[in-house]
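This report describes the strand pairing, the enclosed and open spaces, and selected loop residues of one model. The sequence and structure are shown first.

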Amino acid sequence: MEDERFDAIVVGAGPAGITAAKELAAAGLSVVVLERGQFPGAKNVSGGILYRQPTEEMCPGFEAEAPLERPIIEQRYLMLTEDAMLGGTYRSMRFAEPPYNAYSVLRSEFDKWYATKAEEAGAEVFPEFTVTDLLWEDGKVVGVTTGEPDGELQAHVVVLADGANSLLAQKAGLHKEWKPIEQALVAKELISLPAEKIEDRFALPTGMGTALEIFGESTWGLLGYGFIYTNKESLSIGTGGLLEDLIESGKNVNDMLDRFKQHPAIAPLIAGGETVEYSAHLIPEGGYKHLPRLFADGVVVVGDAAGLVNPLNREGANLAMVSGKLAAQAIIEAKAKGDFSIATLSRYSELLDYSVVIRDLFKIRNTTDFAHERPHLFTEYPHVMSDIAREYLTVDGVPKKDKQKKIAKMLFGLPKKRLLNDAVGAFRSLT
Ligand SMILES: Cc1cc2nc3c(=O)[nH]c(=O)nc-3n(C[C@H](O)[C@H](O)[C@H](O)COP(=O)(O)OP(=O)(O)OC[C@H]3O[C@@H](n4cnc5c(N)ncnc54)[C@H](O)[C@@H]3O)c2cc1C
């Protein structure tokens, strides 16, 4: 009897799923992608910084064709108090020349384009198909269903690329529901503004872009950050925090974003702009210590669905792509052996362990705990730094020596043991 199964069914047409499908199809495997959105990218929410080098590795020559917004030539790290902003900027004209480091993108456009690359490789991409469950046979995943009478499809392997809070990975027994401490919730708006206004307000050369990461008051002092990324004719602005902190503090991300937009240092940047898109989305931030099982009989999980996000360095899409590619590699090897058993699929986990994804997640495995245990980093410290800067910069007839003494008092007024503990903790969690 002819085998009507696909080699692989990919659930979700984000960067992880599309990369997996593209690689599988390019190797001659039969692959179908099921996406619940009206088109790939329709449901995607992202701040929108896409790194060039990892994307080039997945899709050589992408810059010539992909819908990209602005090359990012600058990174600003800022702290807000109620009335002040302080921070640092790194701008390099090397980032303003090819090969660029990163681009801003609108994911709804980028993902739609990226999916055509999987189709060109031979994958079939079906939008408006929501997978509701997995099909099982003798304890092995053998396909998926949309819950409709004719909505069952079978495959040797199912690739779960259904993003944050993957219900299907839970159904596959790979992990339990993420805990609130393992997820961040972020609200984001796309605000349209003419290109010249963006370039004037952010002091950018024509066509170039910047990325702002903003701590402190941007999140009501909770662990998390606000961001503003410049697109061609719009700004992506968002903010959010760990779900556990949001629940405990009773704060909600819609109010947080409204408040962030009204801050005296932020409001002028977005003034006159029109909100054209609003969304809120979860980000899995449990990191290395909370990684799920990545494979089982007949199934692998990739990208956000597997919790592969590096929140410290704002990397999600590129890690999703790498995991999609490595999962594909393991499936291609399984196909060559004619063996899709759990033992063969474990190769995916092995490949991932040696990749930049797991190595980076391992490196920052203690960072969230470090910051979460120290709420004063985002409340008290920005205020002290702001007071010091204001004192130093205010010319009021007080001799500089007296000012220095006052500033030293402000610094030494902080609990010394805690300061030392913070410094040691920061060093340990980042090295
Ligand atoms: C506000 C915000 C800002 C971010 N900023 C950045 C950034 O600047 N840079 C960066 O690299 N990363 C960023 N990220 C993270 C990044 O968006 C993700 O890491 C990345 O999109 C993960 O890709 P993925 O393919 O695993 O999942 P997704 O991109 O979420 O794709 C999952 C897909 O699966 C589909 N799907 C879900 N369930 C089903 C189902 N049952 N059936 C069929 N289809 C389904 C969804 O519609 C979606 O298209 C940000 C995330 C958020 C929320």
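Two strands are taken to pair if DSSP finds at least two bridges between them. Helices (H or I, at least four residues) and strands (E, at least two) are DSSP runs, numbered from the N terminus. The model is predicted: local features need pLDDT of at least 70, side-chain atom pairs count only at pLDDT 80 or more, and totals for chains, interfaces and linings use all residues. Residues are numbered from 1 along each chain as its sequence is written, and side-chain values use heavy atoms, with hydrogens and water left out.

**The seven-stranded sheet**

An open sheet of seven strands with mixed pairing has the order 5-4-12-13-14-11-15. Its edges are strand 5 (85-91) and strand 15 (274-284); each has a single partner strand, so one side of each is left without a neighbour in the sheet. On average, and with direction ignored, neighbouring strands of this sheet are turned by 15 degrees against each other. Axes here are lines fitted to C-alpha atoms, for helices over the stretch in contact, and angles run from 0 to 180 degrees between N-to-C directions.

Strand 12 (residues 209-216) and strand 13 (residues 224-230) are antiparallel and share four bridges. Strand 13 is also antiparallel to strand 14, with seven bridges between them, and a hairpin of three residues connects strand 13 to strand 14. Strand 14 is joined in turn to strand 11 by nine bridges, again in the antiparallel sense. The table gives residues that stand opposite each other in these pairings.

| Residue | Opposite residue | Strand of the opposite residue |
|---|---|---|
| Alanine 211 | Tyrosine 229 | Strand 13 |
| Isoleucine 214 | Glycine 226 | Strand 13 |
| Tyrosine 225 | Glycine 240 | Strand 14 |
| Phenylalanine 227 | Glycine 238 | Strand 14 |
| Isoleucine 191 | Leucine 235 | Strand 14 |

Burial is assigned from relative accessible area: buried means under 20%, exposed over 50%, and partly exposed in between (1.4 Å probe, protein chains only). Strand 14 is largely enclosed by the rest of the structure, because nine of its nine residues are buried. Strand 13 is mostly covered, with six of its seven residues buried.

Helix 8 (residues 253-262) lies across several strands, among them strand 4 (72-80), strand 11 (183-192) and strand 14 (234-242), and runs at about 130 degrees to strand 14. Contact for this purpose means heavy atoms within 4.5 Å.

**Strands 8, 9 and 10**

Strand 8 (residues 133-137) and strand 9 run antiparallel and are joined by five bridges. Leucine 135 stands opposite glycine 143 in strand 9. The hairpin of strand 8 and strand 9 has two residues between the strands, and aspartate 138 there takes a positive phi near 50 degrees.

Three bridges connect strand 9 to strand 10 (residues 152-160), also antiparallel. Glycine 143 stands opposite glutamine 154 in strand 10. In this second hairpin six residues lie between the strands, and glycine 147 has a positive phi near 85 degrees. Strand 9 (residues 140-145) is largely enclosed by the rest of the structure, because five of its six residues are buried.

**Cavity and pocket**

On a 1 Å grid over the protein atoms alone, a cavity is a set of points where a 1.4 Å probe fits but cannot get out, and a pocket is an open set with protein on both sides within 12 Å along at least five of seven lines; lining residues have an atom within 4 Å of a point. Grid points are joined across faces, edges and corners, and a volume is the space filled by probe spheres set on the points.

The count is one cavity of 30 Å³ or more. The largest cavity holds about 40 Å³, and its lining includes Trp178, Glu182, Pro284 and His290. By class, this lining has five nonpolar, four polar and one charged residues. Ala, Val, Leu, Ile, Met, Phe, Trp, Tyr, Cys and Pro count as nonpolar, Asp, Glu, Lys and Arg as charged, and the others, Gly among them, as polar.

The second largest pocket has a volume of about 200 Å³. Of its 13 lining residues, Gln53, Pro54, Glu57, Val322 and Val356 lie nearest its centre. Helix 2 (52-58), helix 10 (317-337) and helix 12 (356-363) each supply at least two residues of the lining, and helix 10 gives the most, with five residues. The lining of this pocket has six nonpolar, three polar and four charged residues.

**Proline 375**

Proline 375 lies in the loop between helix 13 (367-372) and helix 14 (380-393). Proline 375 counts as partly exposed, because its relative accessibility is 49%.
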